[in-house]
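Thank you all for coming. I would like to walk through one structure this morning, going from the overall fold to the helices and then to the interior.

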Amino acid sequence: MTIFQTVADVRVFSHLSAASQTSATEYLASARALLDELVRTPHLLAGVPLHRVTGGYGRTLLFGDGRISVWALVWAAGAKTVIHDHHCSCCFGMLQGSIREIWFQALDDRRAVVSGGKMRVQGDVACMMPNGANLHQMVNDETQEAISLHVYGFDHEAHASSIHREYERVDQ
Ligand SMILES: [Fe+2]
């Protein structure tokens with residue numbers, strides 16, 4: 001399904017979906033290239049009704065098939081995810097505003113410590129694979145709304161989200 005036909009031909013996502021069946025390196029390169037282009041497209045989501053959540057983040061499915069799903073996330077000021085890792089590949093690009101990404105290292109399957117972080121600003125694109133470093137939290141600690149685009153390697157009808165496990169932060 002898709003509601004993304006106002007912006008880009010849905011074929012670009014179908015091509016990306018097909019690329020997800022190739023090597024991880026090839027797929028991530030394709031996902032990065034597409035996100036690079038999309039986050040630099042003015043008015044990309046003009047006319048697309050986006051879910052917003054007061055004080056939190058709203059997710060809108062833009063495209064989904066049995067292999068990948070593409071979402072727009074609208075982050076209210078102060079919105080943050082839980083600390084989580086992923087059961088699938090996860091690529092995202094910043095369309096508007098900034099999000100702080102905080103990286104964690106797991107102590108076990110429940111607790112994690114901060115290992116670093118990066119401010120993701122408009123135009124930034126990042127990718128992670130489920131078998132690599134992919135434990136993080138995303139926070140909008142700015143006063144402005146932020147919008148990001150996410151391409152996940154999961155079937156939106158089979159999984160509620162990309163989250164594998166949630167962790168609690170431990171400060172050492
Ligand atoms: Fe995530």
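Before I turn to the strands, one term is needed: two strands are said to pair if DSSP finds at least two bridges between them. With that in mind, β1 and β2 are joined by 7 bridges and run antiparallel, and the connection from β1 to β2 is a hairpin of 4 residues. Within this pair, arginine 59 stands opposite leucine 73 of β2.

I should say at once that what you see is a predicted model. The chain contains 2 helices and 10 strands, and in sequence order these follow the pattern α-α-β-β-β-β-β-β-β-β-β-β. As for its dimensions, the C-alpha trace spans about 50 × 40 × 25 Å along its principal axes. A compact globule of 172 residues would have a radius of gyration near 16 Å, and the 15 Å of this chain agrees with that. Of the contacts with a separation of 6 or more, 73% are between residues 24 or more positions apart, and 35% of the 172 residues count as buried.

Let me take the helices in turn, beginning with α1, where Phe13, Leu16 and Ser17 are buried. Seen down the axis of α1, these buried residues fall within an arc of 105°, so they line one face of the helix. The face turned away from that buried side carries the exposed residues Arg11 and His15, while the buried residues of α1 pack against α2, β1, β2 and β9.

Alanine 19 also belongs to α1, and here one may ask whether alanine 19 counts as buried or partly exposed. A residue needs 20 or more C-beta neighbours within 10 Å to be buried, and alanine 19, with 19 inside 10 Å, therefore counts as partly exposed. Leaving aside residues up to four places away in sequence, alanine 19 touches Glu26, Tyr27 and Ser30. Serine 98, by contrast, is 79 residues from alanine 19 in sequence and 29 Å from it in space, C-alpha to C-alpha.

Moving on to α2, the 15 residues of this helix should span 21 Å at 1.5 Å a residue, and the end C-alpha atoms are indeed 21 Å apart, which agrees. The buried residues in α2 are Tyr27, Ser30, Ala31, Leu34, Leu35 and Leu38, and, viewed down the axis of α2, they fall within an arc of 125°, so they line one face of the helix. An α-helix has 3.6 residues a turn, so residues three or four places apart point the same way. On the face of α2 turned away from the buried side we find the exposed residues Thr25 and Glu26, and what covers the buried residues of α2 includes α1, β4, β7 and β9.

This brings me to the interior, where the largest nonpolar core has 37 residues, and those with the most contacts inside it are Leu35, Val70, Ala72, Leu149 and Val151. The elements giving two or more residues to this core are α1, α2, β1, β2, β4, β7 and β9, and β2 gives the most, with 6 residues. If we look at leucine 35 in particular, again not counting residues up to four places away in sequence, it touches Cys91, Gly93, Val125, Leu149 and Val151. Apart from this core lies another, of 5 residues, among them Ile83, Phe104, Leu135 and Tyr167.

Methods. Residues are numbered from 1 along each chain as its sequence is written. This is a predicted model: local features need pLDDT of at least 70, side-chain atom pairs count only at pLDDT 80 or more; totals for chains, interfaces and linings use all residues. A nonpolar core is a set of buried Ala, Val, Leu, Ile, Met, Phe, Trp, Tyr and Cys residues joined through C-beta atoms within 7 Å. A residue is buried if 20 or more other C-beta atoms lie within 10 Å of its own, exposed if 12 or fewer, and partly exposed in between; C-beta atoms are placed from the backbone. Two residues are in contact if their C-beta atoms, placed from the backbone, lie within 7 Å. The expected span of a helix is 1.5 Å times one less than its number of residues. The arc is that of the directions from the helix axis to the C-beta atoms. The radius of gyration is taken over C-alpha atoms; the globule rule is 2.2 Å times the number of residues to the power 0.38.
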